[in-house]
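Me: I would like to learn how to read a protein model, one feature at a time. Could we go through this one together?

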Amino acid sequence: MREPAAVLELQFEHAAVFYRSTDEYLDAVLGFVAAGLEHADPVLVAVPSPKIGLLREHLDGADRVGFADMTELGANPARIIPEVAAFADAHRGRSVRYVGEPIWAARTAAEVCEATRHEALINLAFAGTAASILCPYDRRLAAGVIADAERTHPVLIQNGLALPSRAYPEAGLFPPGCDQPLPRPPGGAAALTYRHDLASVRAFATEHADRAGLPADRTRDLVIAVSELAANTWRHTDATGTLHVWAADGELLCQFHDSGQIRDPLAGRRRAAPGAVNGHGLWVVHQLCDLVELRAGSTGTTIRLHFRLRS
């Protein structure tokens, strides 16, 4: 069994560790997991599926560790925090350990940006909890990804030591490159202005999903998602909203914009309490879409939904 590479304190810690080789990866992750098992802490590991087998092969006590395929769990990064929160809630009153690797080479630029925003939001979501979180980053990723990891993690593990990151500003701040307004829809995108008539939004989305070849089951998910967002415009603003739909790069994209203000940066990343009247809309949208991009600013809120046209 490998010796622990670094031991984080039994309080909230969010650390990044950078690796170049399989040995470096194993040293960092196995050491972190082993330290948790030694203290009988519940441990959850969410990494891309090939690495699950690698870790199981080298880990003593793998049967005491929960594993999740990050390529499924974190396909839409907004689903990660609720899963980790559910794990922590299931072990309330105990320190928990979580390994999460949300960025890998095959990620699209939009996915990397949303995964980076997720990393920043972890610092808000778990502040004050007894959660120790380790995020491995392959140094072969783009330099900007590594630099942003230093900005979103309060702690960096270097040579087996946990040190404060000098690039980390404060909890919840996004790196500048991942906090820009979403690009305007392309000139050829279909557009609809809506207010009260949700039926027209559903029909518009269905028509363009059918034209693009979105499978029937995913079209049903799309219709539910666009209905939720259009209903939010109706509930929370006194003006119209706009919906643009277009296909690009194997995806169908739906972009909403209205004058509403979303002030909670974790909106949609917390499951609404049972019986709650509000708070379900964005949660549902995140569960149904392959990726969701959300930007809120002084001119309102823009939300872009991604649906892959082929599995």
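**Reading the model step by step**

Reply: Let us begin with a single residue: Ser227 is buried, with a relative accessible area of 12%, and its place is in helix α8. Please keep in mind throughout that this is a predicted model.

Me: Why does Ser227 count as buried with a relative accessible area of 12%?

Reply: Buried means under 20% relative accessible area, so Ser227, at 12%, counts as buried. Its surroundings can also be read through distance, since Ser227 and Ala199 are 28 residues apart in sequence and 8.4 Å apart in space, C-alpha to C-alpha.

Me: How many of the residues of the protein chain, in per cent, count as buried, and what are the spans of the C-alpha trace along its principal axes?

Reply: Of the 311 residues, 53% count as buried, and the C-alpha trace spans about 60 × 35 × 35 Å along the principal axes. A compact globule with 311 residues would have a radius of gyration near 19 Å, and the 20 Å of the protein chain agrees with that. The surface that the chain exposes comes to about 14,500 Å², of which carbon and sulfur atoms supply 51%. Among contacts with a separation of 6 or more, residues 24 or more positions apart account for 69%.

Me: How many helices and strands are there in the protein chain, and how do β2 and β3 pair, in the parallel or the antiparallel sense?

Reply: The chain holds nine helices and twelve strands, and β2 and β3 pair in the parallel sense, over five bridges. One bridge can be followed by residue, as Ala46 has Ala68 in β3 for its partner. Between these two strands the chain passes through α2, and this β-α-β crossover is right-handed. As for the general idea of a strand, in a regular one the side chains alternate between the two faces of the sheet. Strand β3, which covers residues 65-69, is mostly covered, with four of its five residues buried.

Me: What should I look for when I come to salt bridges, and how many does the structure hold?

Reply: The general idea is that side chains of opposite charge can pair when their charged atoms come close. The structure holds 13 salt bridges, and one of them joins Arg97 to Asp41, with the closest N and O atoms 3.9 Å apart. Because Arg97 lies in strand β4 (residues 96-100) and Asp41 in the loop between α1 and β2, the pair ties together parts that are 56 residues apart in sequence. Arg97 is buried, with a relative accessible area of 1%, and Asp41 is buried too, at 10%.

Me: Where do Lys51 and Glu101 lie in the chain, and are they buried or exposed?

Reply: Lys51 and Glu101 meet through their side chains in a salt bridge, 2.8 Å from N to O. Lys51 belongs to helix α2 and Glu101 to the loop between β4 and α5, so that this pair links distant parts of the chain, 50 residues apart. Both residues are buried.

Me: Which residues are linked with Asp290 in a network of salt bridges?

Reply: The network links Arg218, Asp221, Asp290 and Arg308. Within it, Asp290 forms a salt bridge with Arg218, where the closest N and O atoms are 3.3 Å apart. Asp290 sits in the loop between α9 and β11 while Arg218 sits in helix α8, and the two are 72 residues apart. Asp290 and Arg218 are both buried.

Note on methods:
Residues are numbered from 1 along each chain as its sequence is written. This is a predicted model: local features need pLDDT of at least 70, side-chain atom pairs count only at pLDDT 80 or more; totals for chains, interfaces and linings use all residues. Side-chain values use heavy atoms; hydrogens and water are left out. A salt bridge is a side-chain nitrogen of Lys or Arg within 4 Å of a carboxyl oxygen of Asp or Glu. Buried means under 20% relative accessible area, exposed over 50%, partly exposed in between (1.4 Å probe, protein chains only). Two strands pair if DSSP finds at least two bridges between them. A crossover is right-handed if, with the strands pointing away from the viewer, the path from the first strand over the helix to the second runs clockwise. The radius of gyration is taken over C-alpha atoms; the globule rule is 2.2 Å times the number of residues to the power 0.38. Contact means heavy atoms within 4.5 Å. Accessible areas come from the Shrake-Rupley method with a 1.4 Å probe; for residues, only the protein chains shown count as cover.
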